[in-house]
Amino acid sequence: MLTAIIAITLLALTLGLVLGFASIRFKVQGDPIVDQIDKILPQTQCGQCSFAGCRPYAEAIAAGEVDINRCPPGGEATIQALADLLDVEPKPLDEECGVEKPKMLAVIDEARCIGCTLCIQACPVDAILGAAKHMHTVIANECTGCELCVEPCPVDCIDMVETQPNPHTWRWPDPSHVDLQRRTGS
Amino acid sequence: MSAPLGDFPGGLKLPGHKKRSTQGPIRKTPISKQLVLPLQQHIGAAAGPIVEVGDKVLKGQRIARAEGHVSVCLHAPSSGVITAIGDHAIPHPSGLSAPCITIETDGEDRWIDRQQIKDFRQHSAHELRQIIRDAGIVGLGGAGFPSFIKLNPGVHHSVETLLINGAECEPYISCDDMLMRERADGILDGVEIMLFALRASRCILAIEDNKPEAIAAMRYALSSRSHLSQTEIVVVPTRYPTGGEKQLIQVVTKKQVPTNKLPIDIGIVCHNPGTAYAVGRAILHGEPLISRVVTVTGTDVTHAGNFETLFGTPIKDLLAFCETRRQPDEPFIQGGPMMGYSLAGDDLPITKTANCILVGVDDVAPPAQPLPCIRCGDCADVCPASLLPQQLYWYSRAKDFDQTRDYNLFDCIECGCCDYVCPSKIPLVSYFRFAKTEIMNQERERHKSDLARQRHESRLERLEREAQEKEERQRQRKAALAATKAAKAKEEDSINTAEAADSVTEEKA
């Protein structure tokens, strides 16, 4: 009886030590699933999902508080990727949040800009350059097309334009669509 | 021939159709009224213009400089006036426009001063590479990779073999064949310089056995250069795609270039004979790359042949010079029937990578509706890269791009052998091109979103820091205010007590 108690106690102690050591030694910083979800999200930081950026939305998804279909810029591809990652059924995009649009780019009409800095404050990725009472401009390479700068502009000088493909970013068309067109055309 | 040849898997025996364009010598295309020069005619960063509209330029004058490492300069192909710098249609499968410099030629064709180097061995390899870069030389086989980079062995590699790829395996194309027949000496000039720059120990000139005239011409030219003892001509069997870089290396040296590696990793550097010729002209004659030999051929061309054409020459001018039965705006093929792409539009210029303009292909089957894949495996049998095209097709079609990568999609050289043999007429290469550009686009997007995330995070950090600083300042101000208030109160207190003391003493008095 006594040996059994001693043996179990010793075993419990050793295993406890091992587990304790492991929890310190192999501690995972942050929540990897949040990071993984965040990686899939398009990082437009547009807030159309009703969260203040992509990371808060990723955290909410990880906590199981919201659906995975609230990201219009990511569209179908993002929903599919999230569904694959979380092993759930993909759903159509929640229309409450918006519709999937082609990639956009903010362009400031520099002649009309009064230099109020409101758009600079609104830009979530610091992609607008300018100073008070000086003309502002959008750094095209950094703009995520979130449209957050359009609303605050008091003189309505920011336009969202569709990004045009150039020979570098151009993609070969999907041949199965071409087949389909031929089939429906003939 | 010293060593027995190797072999590559798959491949096809194709009808050559080369005779049509090899009947006459290389002819010069007349100078067009207008030359349109895309700033990007090579892999890497586009060149940056250094001229302005209205500037007069001479033939061979530099009009755009290299921007960044992987880039080369661009030169005026003839004398004239710059009339425009801006977007113009370019010969690209997308049909899109890109920045171009337009020159209105004056017909005088007056050269700029040319710096000729008589003895290149007096110069360092680095200097020679710089001249080759400044001369705007890129691989003329079709890819257009800046040649000076491929002439730099670097510190980590040593180059054993310089391989000159004169296989020219694709049907119809004969520009390298004609160049080797007519300008063998010029090619060997370039080979000498390349050997010197690479410090390579030997050179192999590989030519397919369907070009006996080119083989004879090169042999003859080589026989008069006793100091080129380390150079040999290797005749390889005619089979498509022997001219693929990795395939030719396998045939000639029996070595395989590993996936994601370059030939230089196994001590081999491969150049096109046209590039070697251009290197010779640049160093020994001081002439930058301003023209190339272009094959114009096809069933609808009356006077097919090879034409030394200035870059920027409108393709329609070249076609008019050869007389074709083509209707305006009818599509034609740039490159060969296997790997080329269809272009439409009459305003496209000849660029550094335009090796062939093909108008009308023999015994072409009418476009048929692709049938379902029956898994016959013919495509896998002919694939020179030992891939499984049928699997790649399924995954590309299903947009399962991770799987296409696992099946080594990026080892596909888009030779078109699988398309050629497919009994269901599935456009396999179109699917692979689609998948490749989709994957590259996804990667670009991922990179961009990583950047956006970083910027957003640093912005949040900055906002928080600013808020903290503000709070800190407010706290300090409040503390300072409280301190002054306290000091004032103390002062008042002391005055009060003093007054009280005074009154007490007064009372006492």
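Which residue of E17(B) is the bridge partner of B:Thr295? I began my notes with this point and found that B:Cys356 is the partner of B:Thr295 in E17(B). I record at the outset that the model is predicted.

**Entry 1: strand E13 of chain B**

I then looked at the two pairings of E13(B). With strand E17 (residues 356-358) of chain B, E13(B) pairs in the parallel sense, over three bridges. With strand E14 (residues 305-310) of chain B, E13(B) runs antiparallel, and six bridges join the two. In the latter pairing I noted B:Thr309 of E14(B) opposite B:Arg292.

I next checked the burial of this strand. Strand E13 (residues 291-297) of chain B has seven of its seven residues buried, so it is largely enclosed by the rest of the structure. In a regular strand, side chains alternate between the two faces of the sheet. I therefore listed the two faces of E13(B) separately, and both are covered. On one side I found B:Ser291, B:Val293, B:Thr295 and B:Thr297, all buried. On the other side B:Arg292, B:Val294 and B:Val296 are buried as well.

**Entry 2: helix H5 of chain B**

I looked up the dimensions of helix H5 (residues 212-223) of chain B, which has 12 residues. From its first C-alpha to its last, H5(B) reaches 16 Å, close to the 16 Å expected at 1.5 Å a residue.

Which residues of H5(B) are buried? I listed B:Ala214, B:Ile215, B:Ala217, B:Met218 and B:Leu222. They lie on the same side of H5(B), because they cover an arc of only 165° around the axis. On the face turned away from that buried side, I found the exposed residues B:Pro212, B:Tyr220 and B:Ser223.

I then asked what covers the buried residues of H5(B). The cover includes three strands of chain B, namely E9 (161-166), E10 (202-208) and E11 (231-236). It also includes helix H3 (175-182) and helix H4 (184-198) of chain B.

I followed H3(B) further and found it mostly covered, with seven of its eight residues buried. Those buried in H3(B) are B:Cys175, B:Asp176, B:Asp177, B:Met178, B:Leu179, B:Met180 and B:Arg181.

**Entry 3: a three-stranded sheet in chain B**

I noted an open sheet of three strands in chain B, in the order E3-E5-E6, with antiparallel pairing. Strand E3 (48-49) and strand E6 (74-75) of chain B stand at the edges with a single partner strand each, so one side of each is left without a neighbour in the sheet. Between E3(B) and strand E5 (residues 62-65) of chain B I found two bridges. B:Gly48 has B:Arg65 of E5(B) as its bridge partner.

**Entry 4: contacts between the chains**

How many residues of chain B are in contact with chain A? I recorded 23 residues of chain B, in contact with 23 residues of chain A. Helix H13 (residues 428-508) of chain B gives the most to the chain B side, with 14 residues. By class, I recorded eight nonpolar, eight polar and seven charged residues on the side of chain B that touches chain A.

**Entry 5: the domains of chain A**

I looked up the division of chain A, which is into domain 1 (32-86) and domain 2 (102-166). The C-alpha centres of these two domains lie 25 Å apart. Six residues of domain 1 of chain A are in contact with seven residues of domain 2 of chain A. On the domain 1 side of this contact I noted one nonpolar, five polar and no charged residues.

Definitions and conventions
Residues numbered from 1 in each chain as written. Chains lettered and ligands numbered in written order. Predicted model: local features only at pLDDT ≥ 70, side-chain atom pairs only at ≥ 80, totals over all residues. Pairing = 2+ DSSP bridges. Helix = DSSP H or I, 4+ residues; strand = E, 2+ residues; numbered from the N terminus. Domains from an automatic or database assignment. Contact = placed C-beta atoms within 7 Å. Nonpolar A, V, L, I, M, F, W, Y, C, P; charged D, E, K, R; others polar. Expected span 1.5 Å × (residues − 1). Buried ≥ 20, exposed ≤ 12 C-beta atoms within 10 Å, placed from the backbone. Arc of directions from axis to C-beta.
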